[in-house]
Amino acid sequence: MSRVYLSPPDVGDAERALLVEAFDSGWIAPLGPQLDAFESELAARVGVPHALAVSSGTAALHLALLLVGVGPGDDVLVPTFTFVATANVVRYLGARPVFVDCDTSSWQLDPDLVSAELDARAEEGTLPAAVVSVDLYGQSADYDRLTATCEGYGVPLVEDAAEALGATYRGRAAGSFGVAGVFSFNGNKIITTSAGGALLARSEELVARARHLATQAREPEVHYEHLDLGFNYRMSNLLAALGLAQLRALDRRIARRRRINERYRQALSGRPGISFMPRADYGVPNDWLTCIEIEPGAFGATRDQIRSALDTHDIEARPTWKPLHLQPLYAGAPLIGGTAAEAIFERGLCLPSGSSLSDDDQDRVVEHILRCSR
Ligand SMILES: *Cc1c(COP(=O)(O)O)cnc(C)c1O
């Protein structure tokens, strides 16, 4: 039996065909027609007019924050319950992340805390340069409330939808909220370009500016003229070909992950000591990862015991993200709110959820989890 991974790339003949077609067409040097098609199909899918494909989700976040005006000495509100890249880009710009706790009813950025913090900072005249929301584990944050709060104070909202392509909030696609939205196509995400990301925005000017900066900020002169500090952040045409094939089967991938989530619920919910990441009634997640919480007293084993038992049987499961305010990298950074993210981190476990996971392998995961309670 081969190892069961958390969320491995799910690629096949369609990806191979488009990749070889791009190769054979000679569009190897970075830009090309597959890249243009990937950007326009992605924009259409998300319902946002402009998209830029880049080398990673982190690069897209970096550009997004730079272009909404984050700079040295600024504060930026960032959820503490997320992957480290969300906060690192704040530091790349010489700004300071101010962490905000999550809401236990959705695991997403707590809009009450954001609102109270902006109220207090508006009084003091210390509004942050931006707020970053994250659509964690493929479920969107509460955008009616977050956008109203941010717009009320004129603070730009950036949506880190790296994990949430295909999810919706009140019928609207994740990645379409905020001044800019960001996706990741890293190998473990719902679709992959092996490595890649994208920035989307309603502002044509913002995306044009991002495109310029992502291409070494080359002015249109034959002799390589530069006014701005640029980056080498563009996605290659070959990887965009992979992305096109992946994107065209996004709905099938979401349906498969949803089915996996339902099967876990059928097998595990109702067992004492196991609960699932709550589904907020305001939207439809893409079920990127199925996450559970273990109450050791009731279940009869700890999260770590379950994780290592699974590992012994060649099954990869992972604790939920370690809150960033607990990371040594961010020691001393301010935290707004309480211990909701911390409590989830102590008991949360992400289960194998890839769209290529077979029913048999999933049954094996369930069996080994349940064995831990005996
Ligand atoms: C994966 C991820 C990123 C970073 O994307 P990369 O493509 O790996 O750079 C950023 N934020 C969140 C929430 C992520 O899950």
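**Talking through the ligand site**

Modeller: The protein chain of this predicted model has 13 helices and 15 strands, where helices are DSSP runs of H or I with at least four residues and strands are E runs of at least two, numbered from the N terminus. Local features need pLDDT of at least 70, side-chain atom pairs count only at pLDDT 80 or more, and totals for chains, interfaces and linings use all residues. Residues are numbered from 1 along each chain as its sequence is written, and side-chain values use heavy atoms, without hydrogens or water.

Biologist: Why is the protein chain called as compact as a globular protein of that length?

Modeller: Its radius of gyration, taken over C-alpha atoms, is set against a globule rule of 2.2 Å times the number of residues to the power 0.38. The chain comes to 21 Å, close to the 21 Å the rule gives for 374 residues, so the label fits.

Biologist: What makes Thr58 a polar contact of the ligand?

Modeller: A polar contact is a pair of N or O atoms within 3.5 Å. An N or O atom in the Thr58 side chain is 2.5 Å from a ligand oxygen, so the pair qualifies. For Gly57 a backbone N or O atom lies 2.8 Å from an oxygen of the ligand, and for Lys189 a polar side-chain atom lies 3.3 Å from one.

Biologist: How much of the ligand does the protein bury?

Modeller: Alone, the ligand exposes 380 Å², and the protein buries 93% of that, by the Shrake-Rupley method with a 1.4 Å probe.

Conventions
Polar contact = N/O pair within 3.5 Å; in protein donor to acceptor, adjacent residues only side chain to side chain.
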